[in-house]
Number of protein chains: 2
Amino acid sequence: MSKLDKRRKEILWAIIQSHIDLNIPIGSILISQRFPVGLSPATIRNTMSKLEEMGYITQPHTSAGRVPTEKGYRFYVDTLMDEQTISINSDLTKELSERLSTITQDSDSLVKEATRTLSLFSRYLAIATPPKTEEILLKRIKFIKYENKKVLAVIISDEGVVKNKIIELDKIYTQKHLDMASNQLNCEFSGLTIRKVREKIAYQLYKEKTMCDQLVANLLYLCKDIIPLENDDFSLNGLSGTSNLPDFATMKQIKEIFRAIEDKRFMLKLLQLISESKGTQVFVGMENIFPAMSELSMVVSTYTKNKSVGGAVGIIGPTRMNYKKMISIVDHTAKALTQILSET
Amino acid sequence: MSKLDKRRKEILWAIIQSHIDLNIPIGSILISQRFPVGLSPATIRNTMSKLEEMGYITQPHTSAGRVPTEKGYRFYVDTLMDEQTISINSDLTKELSERLSTITQDSDSLVKEATRTLSLFSRYLAIATPPKTEEILLKRIKFIKYENKKVLAVIISDEGVVKNKIIELDKIYTQKHLDMASNQLNCEFSGLTIRKVREKIAYQLYKEKTMCDQLVANLLYLCKDIIPLENDDFSLNGLSGTSNLPDFATMKQIKEIFRAIEDKRFMLKLLQLISESKGTQVFVGMENIFPAMSELSMVVSTYTKNKSVGGAVGIIGPTRMNYKKMISIVDHTAKALTQILSET
DNA sequence: GTATAGCACTCTTCACTTGAGAGTGCTAAT
DNA sequence: ATTAGCACTCTCAAGTGAAGAGTGCTATAC
């Protein structure tokens with residue numbers, strides 16, 4: 001990895017900055033005009049030639065200006081951008097927090113509202129995963145007599161009701177009987193994460209451990225299907241906005257985004273990525289991660305609720321985007337979300 | 001309203017049919033070749049001239065063939081199409097039913113799966129509203145002690161759990177106390193529709209009727225916010241497919257669809273429309289109904305669950321679409337949905 | 001009187017050309 | 001090492017012209 005000297009960094013920065021602003025290939029003369037760096041176009045050309053050789057920029061055709069490559073953007077985000085102070089639009093932060101705090105409902109609605117706000121501010125496609133259910137701590141399981149053999153099973157966590165479903169038993173039980181059974185189950189499972197509960201149920205069913213109570217065994221079997229699996233859904237917002245943007249103007253990109261959205265594997269990839277590390281991450285030119293999404297970038301951050309439970313929130317936009325601004329917006333959205341979710 | 005004679009009907013039918021198949025302006029020679037109707041292009045031209053005068057077809061420019069107008073399509077759907085037997089692709093129907101019957105979950109998931117299947121078969125944008133909550137019959141309200149002052153309120157209907165929420169009371173009550181309160185509320189509200197329950201609650205709170213029990217009054221007040229409002233959400237599916245179709249090729253239309261999707265008022269319009277009448281309806285060129293959706297048509301049908309409760313399901317596509325096929329698909333989806341929802 | 005063949009006319013579409021403009025790389029001079 | 005000058009390449013936009021499609025009109029046949 002050959003390092004770039006000061007001049008090359010400056011020129012690269014100038015090219016990327018100009019390209020973000022103007023969305024056209026950037027020529028040497030343009031740079032010399034926009035940035036009074038004291039160099040003639042010819043000198044800039046020499047530097048650009050080197051930068052192209054090193055793979056940071058490229059030209060669409062022989063007589064065009066230079067356009068940053070994915071590598072160039074990557075370098076920009078990693079190195080060049082940090083050198084400036086990331087100034088945060090403070091009124092934006094304020095409005096963001098205000099918007100979110102008006103939503104007093106469950107965390108799912110909150111996350112949805114976050115995507116709405118995010119797409120509004122970013123003018124790109126906002127995406128978010130709901131809080132992971134896997135790591136939620138189970139508080140109690142409750143069975144309520146519903147009608148004859150039918151019983152309403154309710155799974156409750158710290159966060160509230162996680163899931164409920166009407167199940168049908170083999171015969172009619174009294175509410176008292178059900179209460180005893182649920183007590184027994186609670187003793188065993190209360191305080192564990194949803195994931196561990198599922199594992200434990202599977203284990204117990206596998207061992208066919210003789211239960212002291214037939215009803216408990218029965219309920220255990222039925223609960224297997226009720227314990228919620230990982231949420232395979234995600235919110236997104238800002239579709240209508242995206243089609244207005246100049247960068248999204250090509251059908252190709254529109255299609256790519258649609259594919260990505262409807263392909264649920266994308267979601268899994270995303271989850272994997274966010275779970276690996278915390279904080280705001282930038283994926284430039286996503287073809288390594290998700291083949292259909294070349295020419296697109298993603299700025300994504302994680303939010304948490306009670307330390308461990310959390311999800312991801314971010315935006316998808318063209319590779320050519322204002323990373324500085326976007327990182328700031330996403331970062332603050334994630335922070336605001338974390339804050340409000342922790343208040344409850 | 002001048003009626004069309006047999007020949008004009010035939011020519012109009014031929015034009016529309018050809019336009020649906022080929023998606024190009026239809027000229028007189030093309031018609032004479034595709035349909036050996038025994039007329040020369042010249043004669044067909046004369047007829048076409050008349051049809052244009054009457055507003056059923058139009059030409060994009062002087063030397064182009066004719067394209068059906070909205071009026072033309074309207075006439076086609078109303079009159080010309082019925083004259084053929086609407087043959088149903090029976091294996092399609094079968095697969096449709098099979099796909100839906102694999103989903104054994106709640107009705108919301110079922111409706112979502114229906115949109116997925118619908119978009120798959122139609123290759124257009126599928127849209128559906130979940131079952132209306134307003135007309136659901138309340139079965140019982142249940143309060144479960146949760147933690148100190150916190151109580152889990154569960155609203156149960158014939159269909160299962162409608163909504164649940166954790167509420168906080170002013171002081172600590174015993175479960176027995178809560179059971180008594182819920183019994184009292186059940187006596188009053190059980191068997192009414194959700195809408196009537198809400199109205200009744202509002203009325204009682206307005207009158208500030210002295211309750212025999214402070215707890216009941218308290219719960220009543222809290223329930224006001226729990227009783228679910230009309231669902232303002234709707235499923236849709238098939239976005240990625242739409243951008244592949246030749247008709248959706250223009251950005252203008254893509255934008256229109258996005259606008260329509262994100263504008264929730266559209267949803268309300270849709271609900272109004274479906275509630276007016278039952279059965280499959282076709283809206284050709286929707287600018288009267290929804291200004292942003294010119295150049296788009298909608299085929300929509302209603303499904304029911306237990307006679308009264310239901311929603312709408314349909315597709316949105318270009319004005320130039322295969323109405324016969326689409327009506328068949330939508331119709332069968334609605335029927336299949338009704339059937340499966342009634343089995344529970 | 002109705003249907004048809006012929007024909008002139010209009011308009012789009014596409015390929016091709018051309019000139020302007022932008023940007024580069026090379027070379028020679030500072 | 002930097003820069004001015006210059007030839008070169010390539011895109012883009014506008015213009016041109018031929019081909020093709022389709023119509024409307026008119027005269028003619030049945």
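**Entry 1. DNA strand C**

I began with the makeup of the contact: of the atoms of DNA strand C within 4 Å of the protein, 76% are sugar or phosphate atoms, and the rest belong to bases. I note here that the model is a predicted one.

I then looked up which residues surround this strand. There are 21 around DNA strand C, and the nearest are A:Ser28, B:Arg7, B:Thr43, B:Thr62 and B:Ser63. Sorted by class, the surface near DNA strand C holds 13 polar, 4 charged and 4 nonpolar residues.

Next I examined single contacts. B:Arg7 places a polar side-chain atom 3.0 Å from a phosphate oxygen of DNA strand C. A:Ser63 uses its backbone, with an N or O atom 3.3 Å from a sugar or linking oxygen of DNA strand C. For a base, I found A:Arg45, which has a polar side-chain atom 3.2 Å from a base nitrogen of DNA strand C.

Which element gives the most to the surface near DNA strand C? I found that H3(B) does, with 4 residues. H3 of chain A and H3 of chain B each supply at least two residues of this surface.

**Entry 2. DNA strand D**

I repeated the search for the other strand. I recorded 19 residues around DNA strand D, the closest being A:Arg7, A:Thr43, A:Thr62, A:Ser63 and B:Ser28. Of the atoms of DNA strand D that come within 4 Å of the protein, sugar and phosphate account for 74%.

Two of the contacts I looked up reach phosphate oxygens of DNA strand D: a polar side-chain atom of B:Ser28 lies 2.7 Å from one, and an N or O atom in the side chain of A:Arg7 lies 3.0 Å from one. B:Arg45 has a polar side-chain atom 3.1 Å from a base nitrogen of DNA strand D.

The elements giving two or more residues to the surface near DNA strand D are helix H3 (41-54) of chain A and helix H3 (41-54) of chain B. The largest share, 4 residues, comes from H3(A). By class, I noted 12 polar, 4 charged and 3 nonpolar residues on the surface near DNA strand D.

**Entry 3. Two helices of chain B**

I turned to helix H8 (residues 194-207) and helix H9 (residues 214-226) of chain B, which pack at an angle of about 135° with their axes 10 Å apart. H8(B) is therefore oblique to H9(B). The crossing of H8(B) past H9(B) is left-handed.

Which residues make the contact? From H8(B) I listed B:Ile201, B:Gln204 and B:Leu205, and from H9(B) I listed B:Leu220, B:Tyr221, B:Cys223 and B:Lys224. The residues of this contact divide into 5 nonpolar, 1 polar and 1 charged.

Methods
Residues are numbered from 1 along each chain as its sequence is written. Chains are lettered from A and ligands numbered from 1 in the order in which they are written. This is a predicted model: local features need pLDDT of at least 70, side-chain atom pairs count only at pLDDT 80 or more; totals for chains, interfaces and linings use all residues. Side-chain values use heavy atoms; hydrogens and water are left out. A residue is near a molecule or strand if one of its heavy atoms lies within 4 Å of it. A polar contact is a pair of N or O atoms within 3.5 Å; within protein, one must be able to donate a hydrogen and the other to accept it, and residues adjacent in sequence count only if both atoms are side-chain atoms. Ala, Val, Leu, Ile, Met, Phe, Trp, Tyr, Cys and Pro count as nonpolar, Asp, Glu, Lys and Arg as charged, and the others, Gly among them, as polar. Axes are lines fitted to C-alpha atoms, for helices over the stretch in contact, and angles run from 0 to 180 degrees between N-to-C directions. Angles under 35 degrees count as roughly parallel, over 145 as roughly antiparallel, 65 to 115 as roughly perpendicular and the rest as oblique. A crossing is left-handed if the near helix is turned anticlockwise from the far one by less than a right angle, and right-handed if clockwise. Contact means heavy atoms within 4.5 Å.
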